[in-house]
Amino acid sequence: MLKLENIKKSYDGTTVLDGINLDIQDGEIVSILGPSGCGKTTLLNLILGITEADSGKIIYNGEDMTNIPMEKRGFNIVFQDYALFPNLNVYKNITYGLKNKPDISTKEEVEDLIDLLGLREHLTKKIEQLSGGQKQRVALARTMVMKPKILLLDEPLSALDGVIKESIKDRIKTIAKEYHLTTIIVTHDPEEALTLSDRVMIVNEGKIAQFGNPDEIIHKPSGEFVEKFILNQLRIKRNNIFTLFGDKKNTTEGKEVRVS
Ligand SMILES: Nc1ncnc2c1ncn2[C@@H]1O[C@H](COP(=O)(O)OP(=O)(O)OP(=O)(O)O)[C@@H](O)[C@H]1O
């Protein structure tokens, strides 16, 4: 279990995170959702160990990680821009980290992951020959072969569209469940957070506005922020589509619209 206790962080006298407390269970998929500048990436970087908190504790399975350097925490991140090596082919990108730590994954485990992520036909391609969704899957595979204790994903779907987005979403869910991998995802997209995660943490101005499962967030929003900025955004999106195509049955101004 990952536990954050009263985490505070300021930059140049401005509070960015203001007393964050949370528990994340092993194998859980948790999204950190909130508007631009609310402190999502700062929180992710604190967990990863890139950024230091001003105060508070990060505890993983009973061990205090607060002052443990990033490389010793055993958490791993897939960045928004994937950060792949353009001069190496797909297979070499995936297995890059195993050069120095060859015992972490067996050859069979690497092969399984390649199949799970649907990358077999792309193994000898260069990164520039791949689509955004394929790059994303290579970045996921490269991180997964290192068997992180916690997988951190920074806006993993933001560059993707439609069917590809849904397919990556499914693969992230499958991997997290199959490997019982604790997965923390940063996103500003409510639909993404609510359809991908076991629980969603909504952050506003450095504080947790609500931390609950998607059903609780939709049916029992904790207050005005969640209601106005998260749920209303989804209603507007839905209304726009049905209005555009003249389906009056499914449009309504207010709370009756269920997001399903
Ligand atoms: N290294 C830094 N130095 C100074 N200020 C910073 C630094 N990193 C982040 N901030 C500030 O902290 C606040 C939160 O930034 P953060 O990147 O965590 O937000 P975010 O919720 O991830 O935003 P976005 O969705 O736009 O990426 C912002 O006001 C940002 O300007």
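Student: Before the ligand, what counts as a helix here?
Tutor: A helix is a DSSP run of H or I with at least four residues, numbered from the N terminus. Please note that this is a predicted model.

Student: Which helix gives the most to the shell around the ligand?
Tutor: That is helix α1, residues 40-48, which gives 3 residues.

Student: And which residues make up the surroundings of the ligand?
Tutor: They are Y11, V16, G34, S36, G37, C38, G39, K40, T41, T42 and H188. By class, the shell divides into 3 nonpolar, 7 polar and 1 charged.

Student: Back to α1: which of its residues are buried?
Tutor: The buried residues of α1 are K40, T42, L43, L44, L46 and I47. Just after the helix, G49 has a positive phi of about 105°.

Student: What does I47 contact farther along the chain?
Tutor: With neighbours within four places in sequence left aside, I47 is in contact with I58, F75, L152 and I184. In the largest nonpolar core, of 59 residues, I47 is among those that touch the most other members, as are I32, A141, L152, I184, M201 and I202. Helix α5 (residues 132-144) gives the most to this core, with 5 residues.

Student: Changing topic, in what order do the strands of the open sheet run?
Tutor: The order of the 4 strands is β2-β1-β4-β5, with antiparallel pairing. Strands β2 (14-24) and β5 (63-64) each have a single partner, so one side of each lacks a neighbour in the sheet.

Student: How many bridges join β4 to β5?
Tutor: There are 2 bridges between β4 (residues 55-60) and β5. Across this pair, I59 stands opposite D64 in β5.

Student: Where does α1 touch the sheet?
Tutor: Helix α1 packs on the sheet at β1 (2-11), β2 and β4, and its direction makes about 60° with that of β2.

Definitions and conventions. Residues numbered from 1 in each chain as written. Predicted model: local features only at pLDDT ≥ 70, side-chain atom pairs only at ≥ 80, totals over all residues. Near = placed C-beta within 6 Å. Nonpolar A, V, L, I, M, F, W, Y, C, P; charged D, E, K, R; others polar. Core = buried A, V, L, I, M, F, W, Y, C linked by C-beta atoms within 7 Å. Buried ≥ 20, exposed ≤ 12 C-beta atoms within 10 Å, placed from the backbone. Contact = placed C-beta atoms within 7 Å. Pairing = 2+ DSSP bridges. Axes fitted to C-alpha atoms, helices over the stretch in contact; angles between N-to-C directions.
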